[in-house]
Amino acid sequence: MLNLNKLAKLTFVYQHELDGLGGAVRLAENFAGTDPCMVLLGDCVMDSFSELPVIGQLLKVYEQYHSSVIALSEVPPEKISSYGIAAGTLINGDILRLHDLVEKPSAADAPGNLAVAARYVFTPGIFSALHKITRGVNNEFQLTDAVKLLMASEAVYGCRISGKRYDLGSIAGFIAANVEFALRRPELQEVLGRQIINILKEKNIL
Ligand code: G1P
């Protein structure tokens with residue numbers, strides 16, 4: 001942790017009111033200024049199958065199109081209502097030009113199965129859009145609604161990411177991700193693996 005301070009200058013802002021992801025990102029407006037910026041949500045880890053991390057893949061798209069770009073991953077129908085769902089036209093490999101984005105739709109109303117995967121690169125235009133939106137789903141200011149508004153004035157792209165998604169927003173997801181990443185460490189794999197098997201046997205789960 002201490003080394004992080006040597007790698008980057010960290011600035012914190014606090015969101016004192018629970019008014020959604022849109023409200024939180026809006027607080028970074030002065031920090032971002034007129035530069036493009038990235039938003040990385042801490043409750044999701046994406047283990048990309050590509051050698052580039054997800055944000056690296058988005059930056060490549062940004063460099064090509066100089067437009068906002070969002071990471072997307074396919075989700076099964078029962079998970080659709082947990083995410084922002086995007087739709088667009090496939091233009092190149094895994095890149096889509098987006099024309100729709102809906103926050104937490106029902107599976108029946110969703111424009112597809114491509115879910116926003118917690119990583120975004122934005123042009124400064126996102127902040128003017130964040131000032132124009134009203135409260136949306138859950139009575140919160142939704143970043144998704146601002147992105148949808150941004151699409152009316154600028155191109156917004158999506159980048160399909162293949163990889164495994166770990167949702168840390170639930171207790172089970174958080175623990176499962178820790179176990180899985182711990183099991184990748186050679187010094188922990190065998191001893192932890194055996195402990196987990198023993199626990200499961202004791203609880204009659206295995
Ligand atoms: C937020 C976004 C949603 C996105 C999700 C995961 O939802 O509003 O569009 O799909 O993160 O990236 P939350 O997890 O805050 O409910």
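Visitor: What relative accessible area does D94 have?

Guide: This is a predicted model: local features need pLDDT of at least 70, side-chain atom pairs count only at pLDDT 80 or more, and totals for chains, interfaces and linings use all residues. Numbering starts from 1 along each chain as its sequence is written, and side-chain values use heavy atoms, without hydrogens or water. Buried means under 20% relative accessible area, exposed means over 50%, and partly exposed lies in between (1.4 Å probe, protein chains only). D94 is partly exposed, at 34%.

Visitor: Which residue meets D94 in a salt bridge?

Guide: A salt bridge needs a side-chain nitrogen of Lys or Arg within 4 Å of a carboxyl oxygen of Asp or Glu. For D94, the N to O distance is 3.1 Å. The partner side chain belongs to R160.

Visitor: How many residues apart in sequence are the parts that R160 and D94 tie together?

Guide: Helices (H or I, at least four residues) and strands (E, at least two) are DSSP runs, numbered from the N terminus. R160 sits in strand 7 (residues 156-160), and D94 in the loop between strand 4 (84-92) and strand 5 (95-103). R160 is partly exposed at 27% relative accessibility. The pair therefore ties together parts separated in sequence by 66 residues.

Visitor: Which strand does E180 of helix 7 reach through its salt bridge with K164?

Guide: The closest N and O atoms of E180 and K164 are 2.9 Å apart. E180 is partly exposed, with a relative accessible area of 28%, and K164 is partly exposed at 36%. The two are 16 residues apart in sequence, and K164 lies in strand 8.

Visitor: About how many helical turns separate E190 and R194?

Guide: Their side chains meet in a salt bridge of 2.9 Å, N to O. E190 is exposed at 56% relative accessible area, while R194 is partly exposed at 47%. They are four residues apart in helix 8, so the separation is about one helical turn.

Visitor: How many salt bridges does a search of the whole structure find?

Guide: Among them are R160 with D94, E180 with K164, and E190 with R194. The search finds seven.

Visitor: At roughly what angle do the axes of helix 7 and helix 8 cross?

Guide: Axes are lines fitted to C-alpha atoms, for helices over the stretch in contact, and angles run from 0 to 180 degrees between N-to-C directions. Helix 7 covers residues 171-183 and helix 8 residues 186-202. Their axes come within 8 Å and cross at roughly 140°.

Visitor: How are helix 7 and helix 8 therefore placed to each other?

Guide: Angles under 35 degrees count as roughly parallel, over 145 as roughly antiparallel, 65 to 115 as roughly perpendicular, and the rest as oblique. Contact (heavy atoms within 4.5 Å) is made by V179, A182 and L183 of helix 7 with L188, Q189, L192, G193 and I196 of helix 8. The two helices are therefore oblique.

Visitor: How many nonpolar residues are in the contact of helix 7 with helix 8?

Guide: Ala, Val, Leu, Ile, Met, Phe, Trp, Tyr, Cys and Pro count as nonpolar, Asp, Glu, Lys and Arg as charged, and the others, Gly among them, as polar. No charged residue takes part, and two are polar. The nonpolar ones number six.

Visitor: Which residues form the uncovered face of strand 2?

Guide: In a regular strand the side chains alternate between the two faces of the sheet. In strand 2 (residues 44-48), the covered face holds C44, M46 and S48. The uncovered face holds V45 and D47.

Visitor: Which residue of strand 8 stands opposite C44?

Guide: Two strands pair if DSSP finds at least two bridges between them. Strand 2 and strand 8 (residues 163-167) run antiparallel, joined by five bridges. Opposite C44 stands D167.

Visitor: How many of the seven residues of strand 3 are buried?

Guide: Strand 3 (residues 68-74) is largely enclosed by the rest of the structure. It pairs in the parallel sense with strand 7 over five bridges, and five bridges also join it to antiparallel strand 6 (residues 114-122). The buried count in strand 3 is six.

Visitor: What is the bridge partner of I70 in strand 6?

Guide: On the strand 7 side, A71 stands opposite C159. In strand 6, the partner of I70 is Y120.
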